[in-house]
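Visitor: Please take me through this model and say what each term rests on.

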There are 2 protein chains.
Amino acid sequence: MAGRILIADNVATNRIVLKANLASAFYDVSQSADGAQTIRIAIKESPDLIILSSDLPDKCGITVCEALRRHPETREIPIIIVSSSSDPNTRLLALKAGADEFISKPIHEEILLAKTRSILRARGAIEELRENAPSFTDTGFAEASSGFATQGQIAIISADPARTETIQQSLANQIRDRVETLSPDAALKGFRNKTSPDVILLAANSTSASEMLRLLSELKSRQDTRYTPIVMLLENPHGADAISALDLGAHDIVGANVNAEELALRLRTQLKRKRQADKLRENVQDGLRMAVIDPLTGLYNRRYALPHLKHIANRAKGSQRDYAVMMLDLDRFKQVNDTYGHAAGDAVIREVAERIRASLRSVDLVARYGGEEFLIAMPETSLEQARIAAERVRRIVEATPISIPGTNHQITATLSIGVAIADSATQTPDDLLKRADSALYVAKSDGRNQVSVSEHTH
Amino acid sequence: MAGRILIADNVATNRIVLKANLASAFYDVSQSADGAQTIRIAIKESPDLIILSSDLPDKCGITVCEALRRHPETREIPIIIVSSSSDPNTRLLALKAGADEFISKPIHEEILLAKTRSILRARGAIEELRENAPSFTDTGFAEASSGFATQGQIAIISADPARTETIQQSLANQIRDRVETLSPDAALKGFRNKTSPDVILLAANSTSASEMLRLLSELKSRQDTRYTPIVMLLENPHGADAISALDLGAHDIVGANVNAEELALRLRTQLKRKRQADKLRENVQDGLRMAVIDPLTGLYNRRYALPHLKHIANRAKGSQRDYAVMMLDLDRFKQVNDTYGHAAGDAVIREVAERIRASLRSVDLVARYGGEEFLIAMPETSLEQARIAAERVRRIVEATPISIPGTNHQITATLSIGVAIADSATQTPDDLLKRADSALYVAKSDGRNQVSVSEHTH
């Protein structure tokens, strides 16, 4: 689907010219003629972009912009303010009111289109994150503005050290963020061992523009900077290089004559967006973690354990090293539940899970496999090492009685453990699980609280 | 971090030249001198890209490529084969063996770098998906090749209808996928109301190259095509336009003289990748769904319900319409559990959940709030409508006894329901929940199996 764009202008010919500008990309365009109507349509239709005239008959565009930013249903919609003024103070006011861009007439059609593509691309990415994490968050401007107060890290990259220094100094009075300066080469080498910056300013002059565009592409292809907003400073912010920069993934363009306050504002806007997007990505991660973690014990659940076991098996095939699988089951657990109730049973499972985890390596997989059943997979482990580990786990669980919270009771829990080892490339994870399970059965029927090792079947 | 690249070539000077080519971007380069060493290092270090000479002392590069594609730990690593041959059949063999690209010497440094950026960017995106969904899948070449057999949809876009027709005809003998042809304008308008294609071929000639690059940017900025692989056909596949296309997000470049078999192979490779990525994205979605769904009833869980309620409140503020909140609790549920056991209790909860859901609108939120407690939120709903809906739910649950699976028992379940309505912009979701909860308490203490409506507090 092409983006939906709302054009707000009371002069019909202006709307027609704008619409014609956007026509080559076949966007869905709707129109409004005053501020109140703009707000109404924006709430109802939730367009992907609003192009707002600075002069509307009922309210000035900046006031409309502020109103849109206050309303929960419109506060995230990108806004470009179009004005016949090119006064830097007006532009600053518009940006402060929350406009994403301020364009002075006459409008450069190609730049408007490139800016539109860039805005729609960024909005699409955020919308996707938001759809993925709708439930865990209501992240919006309110939350973001509190993050706004915390210090960020801005990197200025330029081939001209004097230039970077000037910019750094002019920013010093405007923002409290840490600002580092780097050469292009240092940037390519430099983020390697430290945290990457929150925002990057690529400052080009007429001779370095193509080098900087290539650097932009390079940074966009790298793991640690591909989500980092990049603001590009260009001699001519309306020329072909600006269009290229936007299409290559730059988030914002400023001219070489930008004043320090505006530059600071634009960098901080990108910083804020970065934080919002990071937060959304974290929420997605949290949601995914919840799907694979057993809430009672914090161990991985069965859903996670089985594919992960496959992965361990694949790696083992590559490294030609053995790996071990164990099935563990709490002995006579039903008695605990029946005698002391479910809360006590839960406390026992939680404590045993914690002891199992604490007595294994971080590379070992520990999962809650069922009610009172656990699964362990140990990569690069011999039969003897697995037997020792299993015995250690058994002993640690048996050694100290478990206190039942809110009571004076203590329960001594014990584990039966079945161990199996993959000793040739042909053992599938399923085979191994079955063998560990049979060994567990032997441990149970031999009297519980013991480790049984699966005999090889060949 | 810059990407890690393994250069496999037995001629030291070749390795040095390649390494120098890659130096400007400061990649981490490791080296190997024969096929066996290449496979060993690839398994151990899992580089982001392997640049493989077609002539290695122990095996030919294509054989090494096949071996890498078979091994589970290396099958996803991108491979560029470098050869002194420019024979189309050799190139075809390399691509069939699973190479991502085949480059004939002399190597165009800029193209190699652009291709490397493109490969690392695509790999980064896939790796991120895979990290997000490691547990739900083991999607790799094995699974993908089964999908390989199903028909895909390929769109050829060109400003030259005769050209598109020729390409379409030449592909007809090679692939079974549906191939549609479009003009650039039709493409911009055209995917609007139907499903977007799996792969797009943008065919440019010398006069239309810049138009096609712009179209590429436009398609990349759109929701429905931003994940669609785009193969760009260019008069000169080694020139500046090719570099621009790769940096703007094209996934592959072919020359105008490409033969039909190679073109088909490259399109099918992109199709396969698209399917893999779609599958991974689905897995992430599934994982996220699991995090917000109550497994017993399939209703949303509390974790989802509370932020969603906030969202309903925000929308209500915008539309100036009322919304209703209900708390519902199964009457004397403990008796069911104690008398018939947990399985019977679960069956009752599941059936009641289903009846509640079936008797409400799709815009209403229905969540399992606790053990036997449910939450309903109804947007754009008046007090009277909410009361009627609550009464309907109560009646439907009471009306038909619930069969307990595996037994002859039937249980008549009843619900107590508390209703509250947000009638002014100042009512927070928390206030409403409290009022619905108080109303539920009244319904319980008045004798259960009834609806109680919260009296307004102002």
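Guide: What follows is a short set of questions on terms and values.

Guide: This is a predicted model, in which local features need pLDDT of at least 70, side-chain atom pairs count only at pLDDT 80 or more, and totals for chains, interfaces and linings use all residues. Residues are numbered from 1 along each chain as its sequence is written, chains are lettered from A and ligands numbered from 1 in the order in which they are written, and side-chain values use heavy atoms, with hydrogens and water left out.

Visitor: Why is chain A called more spread out than a compact globule?

Guide: Chain A has 16 helices and 17 strands (DSSP runs: H or I of at least four residues, E of at least two, numbered from the N terminus). Its radius of gyration is 31 Å, well over the 23 Å that the globule rule gives for 458 residues, so chain A is more spread out than a compact globule. The radius is taken over C-alpha atoms, and the rule is 2.2 Å times the number of residues to the power 0.38. The C-alpha trace of chain A spans about 90 × 50 × 40 Å along its principal axes.

Visitor: Why are H7(B) and H11(B) called roughly perpendicular?

Guide: Helix H7 (residues 161-172) and helix H11 (residues 260-292) of chain B pack at about 85°, with axes 9 Å apart. Axes are lines fitted to C-alpha atoms over the stretch in contact, and angles run from 0 to 180 degrees between N-to-C directions. Roughly perpendicular covers 65 to 115 degrees, and H7(B) and H11(B) are therefore roughly perpendicular to each other.

Definitions and conventions: Angles under 35 degrees count as roughly parallel, over 145 as roughly antiparallel, 65 to 115 as roughly perpendicular and the rest as oblique.
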